[in-house]
Structure formats: C-alpha cells, structure tokens
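Please look through the model below with attention to how each label is earned. The questions that follow set computed values against the cut-offs behind the terms.

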Amino acid sequence: MLKTLLFWLRNARWVALPQSLLPALAGVAPAVAYEGFSAVLSALAVFGVCMAHLSLNLFDDYFDFKKADTGGRDRLARAGMRARTGKCSYLLSGEATIGNLLTAALIFGGMAGLCGIVIFLHRGMPVVWIALITGFLGIAYSAGPLRLSYRGLGELTLGVIFGPLLVTGVHFAASGIIGAQPLILGTALGFLVVSILYTHSLLDLEADKSVGKLTLAGLVQNPKHRIGLLCVFLFTPYIIFVTGVIFQKLTVWSCLVFLTLPLTVALVRSVMQFMKNPDAVALRKAWHGPMTRWDEIEEEGIGWFMLRWYLARNILTAFALLAIFAALLRLL
C-alpha cells in the first residue's frame with residue numbers, strides 16, 4: 001500500500017507541490033487575525049489544495065497520453081535535441097495502465113472534493129463557485145476541446161488557478177472573508193507560478209514545437225521579448241507588494257520579499273545564458289536553494305533544465321515564506 005502511494009505521489013509530481021502548498025499557506029496566514037478563523041478548516045483547505053494539485057497533474061498525463069505520442073520527447077533527446085524526457089514513462093514502461101492512472105487521478109480528486117464539501121457546509125456557496133471555476137480551468141488546461149496548454153494559454157491559466165483563485169479560496173475557507181490582502185498575495189504569487197511554467201516552456205521551446213505543443217514562449221517570436229516577458233512575470237510581484245504597502249493593504253514587513261531578488265536576477269541571467277548558448281554549463285551554487293536528487297539529475301543529463309526550474313521554484317518558495325512571515329508579524 002505504501003509502495004503504491006509513493007509510486008503515484010512520484011508520478012503526480014509531488015516535487016511541484018510548493019507551487020500550490022505555499023500559496024495555500026499564504027492564504028491562511030492573514031486569516032489568523034480574524035475572529036472567524038478556523039484552524040481545522042484551514043488544514044482541510046490546504047490538504048484539499050494539495051490533493052487537487054496532484055489530481056490535476058495526473059489528469060494532465062491522462063489527457064496527454066490519450067491524445068499524443070508521449071514517447072516523442074525521448075526520441076528527440078536521443079536524436080540530440082535538448083528535451084526534458086520521461087513524461088508518462090510509467091505508462092510507456094508498463095508499470096501502470098491508463099486505467100490505473102485515471103483511478104489514481106480520481107482518488108486524489110475525490111479527496112480534494114471531500115475537503116471541499118466539509119468546508120462548504122461551514123462557509124457556504126462561495127466555496128462552490130471557486131471550486132467549480134478552478135476545476136473547469138484545471139481540466140481545460142489539458143483536456144479537449146479547449147486544451148489551453150496547447151494554445152499558448154496554459155501558463156496563464158495555472159497562474160490564475162494557483163494564484164488569486166487558490167489564495168482567496170483558502171483565505172475564505174479559513175476566515176469566511178474575501179478581502180484585499182489575499183487578493184494581493186494571490187496575484188503576486190500567481191505571477192511567480194507563471195514564471196515557473198514560462199521558464200519551463202523557454203527551456204523546452206524546440207521540443208514543444210516538435211511535438212506540436214504551442215506554449216506561451218512559442219507565441220512570442222522575438223528572443224528579447226521572451227526574456228522581457230520573463231522579467232515581467234518575475235518582477236511584477238515586487239511592484240504589487242510595494243503598491244500594497246503604499247496603500248496600507250500590506251504592512252511594511254512585506255518588503256522582506258525583496259530578499260529574494262538575488263535569486264530572481266540569477267534566474268534571468270541563467271535563462272539568458274541558455275538562450276544564447278544552450279550547451280553552456282549551468283553552475284549550481286549553494287545559495288540557489290535546495291535542489292533534491294541533484295546527483296541523479298546530473299547523471300540523467302537534465303541538470304541544464306532542472307537547475308533553472310529549481311531556481312524558479314525556489315523563488316516562489318522563498319517569496320511565499322517571507323510573505324507568510326510578514327503576515328504573521330502583523331499579529332504581534
């Protein structure tokens with residue numbers, strides 16, 4: 001049982017959970033100050049968000065496998081093209097069937113749904129509307145007929161889901177209130193979520209084109225404009241926080257997020273290096289933050305991809321943790 005659970009957690013890309021867990025916690029932190037705050041509903045909301053994230057990741061694999069040749073990236077890599085390999089490898093290898101995948105996706109989704117029902121019974125209809133919009137966008141990300149991830153809209157779609165929708169939804173579950181502060185936090189974190197996905201699409205640009213997938217990076221033709229758009233996604237959250245402080249929607253402690261700027265600059269420089277010379281060695285530095293399984297990643301030959309992906313993820317993680325810390329300092 002435990003082995004099976006770990007198998008599906010790995011295939012559901014649990015390593016990407018900070019992308020949803022940290023924004024969820026950012027929704028809880030300012031809710032603590034309200035009289036109607038519920039620790040139990042907060043925990044259910046955070047757990048439900050994580051289960052929904054894992055479910056959507058598996059549904060993404062399901063719909064991709066049903067429609068596309070998911071072995072294409074492996075062949076591209078063997079032919080010498082820079083491509084991150086291994087999507088749906090557990091299906092291609094026969095370790096699991098498409099039916100097993102659908103069952104696992106439904107189980108994770110069902111657990112998220114149960115959490116949502118309990119929260120609805122205590123907080124009312126806003127929970128339902130947020131869940132319905134999130135569910136629709138999540139399925140439309142990879143399922144037909146919209147397949148937003150194949151039309152250059154996938155990154156922005158997930159930014160909305162894991163940003164303002166997630167943070168305001170969890171905040172409402174925790175406090176029963178939808179206010180300006182969670183919306184500000186959610187919008188800023190949504191931009192950083194988009195930056196992770198957009199960085200991914202920049203690194204996999206040629207491989208995505210070869211398998212017929214149009215990402216946001218593919219919509220932007222000029223290389224300079226591609227870097228410019230990355231800067232928009234990465235630096236806009238700082239502008240949002242400064243604006244929030246000026247209009248007294250956030251405390252001055254929120255400026256602690258500027259401690260993440262060195263990581264942000266490092267990511268921009270590293271992506272620029274890749275675009276100019278994809279074969280240049282990307283050096284990992286201790287202050288870049290945690291990068292699990294690094295020795296295995298280098299052996300697999302995908303360090304060029306994972307270094308930049310981890311950097312983007314660590315920016316979101318550090319930014320969110322500092323925002324949470326600033327929100328909790330408000331209680332003192």
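Q: What makes the pair R147 and D64 a salt bridge?
A: A salt bridge is defined as a side-chain nitrogen of Lys or Arg within 4 Å of a carboxyl oxygen of Asp or Glu, and the side chains of R147 and D64 meet at 3.6 Å, N to O, so the pair satisfies the definition. The two residues lie 83 residues apart and link distant parts of the chain, with R147 in the loop between α7 (126–140) and α8 and D64 in helix α3; helices here are DSSP runs of H or I with at least four residues, numbered from the N terminus. Both R147 and D64 are buried, a term that stands for under 20% relative accessible area, as against over 50% for exposed and in between for partly exposed (1.4 Å probe, protein chains only).

Q: On what basis are these values given, and what limits apply?
A: This is a predicted model, in which local features need pLDDT of at least 70 and side-chain atom pairs count only at pLDDT 80 or more, while totals for chains, interfaces and linings use all residues. Residues are numbered from 1 along each chain as its sequence is written, and side-chain values use heavy atoms, with hydrogens and water left out.

Q: Why is D60 called buried, and why does R13 count as partly exposed?
A: D60 has 10% relative accessibility and therefore counts as buried, whereas R13, at 27%, counts as partly exposed. The side chains of D60 and R13 meet in a salt bridge at 3.8 Å, N to O. This pair links distant parts of the chain, D60 in helix α3 (residues 39–67) and R13 in the loop between α1 (2–11) and α2 (18–28), 47 residues apart. R13 and D60 are also linked with D61 in a network of salt bridges.

Q: How do you know that R293 and E296 form a salt bridge, and why are they called partly exposed?
A: The closest N and O atoms of R293 and E296 are 3.1 Å apart, and the pair forms a salt bridge. R293 counts as partly exposed because its relative accessibility is 43%, and E296 counts as partly exposed because its value is 41%. The structure holds five salt bridges.

Q: Why does T168 count as buried, and which residues does T168 touch?
A: T168, found in helix α8 (residues 154–175), has 11% relative accessibility and so counts as buried. Contact means heavy atoms within 4.5 Å, and T168 touches P182 and L183, not counting residues up to four places away in sequence.
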